[in-house]
Amino acid sequence: MDIHQPTMTSVDLGCSSGQNTLFFVSKVIKVVGRDNDEKSRCNSVELQFFLNDLPGNDFNHVFRSLERFKESITAEHKENTLLPAFYIAGLPGSYYTRLFPRQSCHLFHSSFCLHWRSRGLLKKEKLDSFNLPVYTPSINEVKAVVTQNELFNVSHIKLFESNWDPHDDSQGDDAHNTIQSAINIAQSLRAVFGPLLASHFGESLLNEIFKKCAYYVTGHLAERGEGKYLLICVSLKRT
C-alpha cells in the first residue's frame with residue numbers, strides 16, 4: 001500500500017511451465033485485492049506480472065493457460081472484495097544478466113530456482129586443489145611435437161568443428177532443443193570426467209554436479225547458440 005504508483009510490477013524468476021507456474025500470481029492478486037478493499041481510501045492498484053525463465057521454457061503452454069486462469073481467479077474471488085486489474089507477460093532470458101531498467105520492479109519472487117545461483121556445493125580447499133589435465137593445442141603446436149619426436153611426418157592435418165551435443169549432427173549455430181542438448185552434453189562430459197571428479201570430490205556429488213552442469217549449459221545454448229569443440233585430425237607417416 002506504500003506504492004505511490006498506479007501499477008505494481010512483480011516478477012517470477014524461474015517460472016517454469018507446470019501446474020504451479022501461476023500460483024505466485026494468484027497469491028499476489030488475492031492479497032492486493034484484499035488490501036485494496038480494506039483500504040478503500042487508496043486508489044486501486046493495477047498489477048503487471050512478468051514470468052521469467054530461460055528461452056527453452058514452454059511459454060506457449062503458459063500463455064494457453066491464461067484464459068482458464070483468469071476465469072478461475074474471477075470465480076474464486078469473493079463478491080465483496082475488489083479484483084484488481086492484472087496483466088501477465090512472458091520474459092525469456094537469464095537472470096544472470098539485467099532484465100529490467102533500474103527501479104522498475106516492486107517485487108521479485110523465486111521458488112526452487114534461486115538456489116542455482118549458489119556456488120557452495122564444493123569445499124573451497126577441495127576445489128583449489130583440483131587439477132583437470134586438459135590442454136587444447138594449436139595446429140602449429142601439434143606439428144612441433146611431431147617434428148620433435150622425429151619418428152613421424154605429418155602427411156595431413158586439419159582443424160574442424162564438432163557440436164558440443166554428441167547427438168546433434170546439424171550444421172549452424174542454432175540449438176533446436178536446448179534442454180535436451182544440455183542433458184546430452186552433461187552426460188558426455190560425465191563419461192569423460194566423471195571418474196576424475198569422483199576420485200577427488202566423492203561419488204555422492206556427481207549427480208548434483210552434472211545436474212548443475214546441464215542447467216548452466218541450457219542457459220549458454222539459449223543465449224549463444226550451439227557450442228562447438230575444435231578438433232584436430234592428424235594423419236602421420238612413419239619416417
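The structure holds 1 salt bridge, so let's start the tour there, keeping in mind that this is a predicted model.

**Stop 1: the charged pair**

Select Lys30 and Glu76 and show their side chains. The two side chains meet in a salt bridge, with 3.2 Å from N to O. This pair ties together distant parts of the chain: Lys30 sits in helix α1 (residues 23–38), Glu76 belongs to helix α3, and their positions lie 46 residues apart in the count. In general, side chains of opposite charge can pair when their charged atoms come close. Is Lys30 buried, exposed or partly exposed? Lys30 is partly exposed, because its relative accessible area is 36%, and that value falls between the cut-offs of 20% and 50%.

**Stop 2: along helix α3**

Stay on α3 and pick Phe69, which has its place in this helix (residues 66–76). Switch on the surface while you are here. Phe69 has 11% relative accessibility, so Phe69 counts as buried; the cut-off for buried is under 20%. Now add Val28 to your selection and draw a line between the two C-alpha atoms. How far apart in space are Phe69 and Val28? They are 14 Å apart, C-alpha to C-alpha, with a separation of 41 residues in sequence.

**Stop 3: the largest pocket**

Next, look for empty space. Rolling a probe the size of a water molecule over the atoms shows where empty space is left. The largest pocket holds about 760 Å³ of space. Its lining has 24 residues, and those closest to the centre are Leu132, Leu189, Phe193, Leu197 and Cys213. Select those five to find the spot.

Then colour α6 (178–201), α7 (206–224) and β6 (228–238), since each of these supplies at least two residues of the lining. Which element gives the largest share of the lining? That is α6, with 6 residues. Try colouring the lining by residue type too: you should get 19 nonpolar, 3 polar and 2 charged residues.

**Stop 4: a patch on the surface**

Keep Leu132 selected and add Val134 and Leu196. Together, these three make a nonpolar surface patch of about 230 Å². Leu132 is worth a second look, as one of the residues closest to the centre of the largest pocket and also a member of this patch. You'll find Leu132 in the loop between α4 (124–128) and α5 (139–149). Leu132 counts as partly exposed because its relative accessibility is 36%.

**Stop 5: two residues with a positive phi**

Move along to the loop between α5 and β5 (152–163) and select Glu150. What is phi of Glu150 near? The value is near 65°, which is positive even though the residue is something other than glycine. Glu150 is exposed, with a relative accessible area of 62%.

For the second one, jump to Gln103, in the loop between β3 (86–92) and β4 (107–110). Gln103 isn't a glycine either, and has a positive phi of about 55°. With 83% relative accessibility, Gln103 counts as exposed.

**Stop 6: a long line to finish**

Stay in the loop between β3 and β4 and click on Leu99. At 24% relative accessibility, Leu99 counts as partly exposed. Now add Ser155 and draw one last line, from C-alpha to C-alpha. Leu99 and Ser155 are 56 residues apart along the chain, and their C-alpha atoms are separated by 52 Å. Zoom out until both ends of the line are in view, and that's the tour.

Terms used:
Residues numbered from 1 in each chain as written. Predicted model: local features only at pLDDT ≥ 70, side-chain atom pairs only at ≥ 80, totals over all residues. Heavy atoms only, no water. 1 Å grid on protein atoms, 1.4 Å probe; cavity = no way out; pocket = protein on both sides within 12 Å on 5 of 7 lines; lining within 4 Å. Points joined across faces, edges and corners; volume = space filled by probe spheres on them. Helix = DSSP H or I, 4+ residues; strand = E, 2+ residues; numbered from the N terminus. Nonpolar A, V, L, I, M, F, W, Y, C, P; charged D, E, K, R; others polar. Patch = residues over 30% accessible without salt bridge, like charges linked within 9 Å, V, L, I, M, F, W, Y side chains within 5 Å. Areas by Shrake-Rupley, 256 points an atom, 1.4 Å probe, with all protein chains shown as cover. Salt bridge = Lys/Arg side-chain N within 4 Å of Asp/Glu carboxyl O. Buried < 20%, exposed > 50% of the residue type's maximum accessible area, 1.4 Å probe, protein only.
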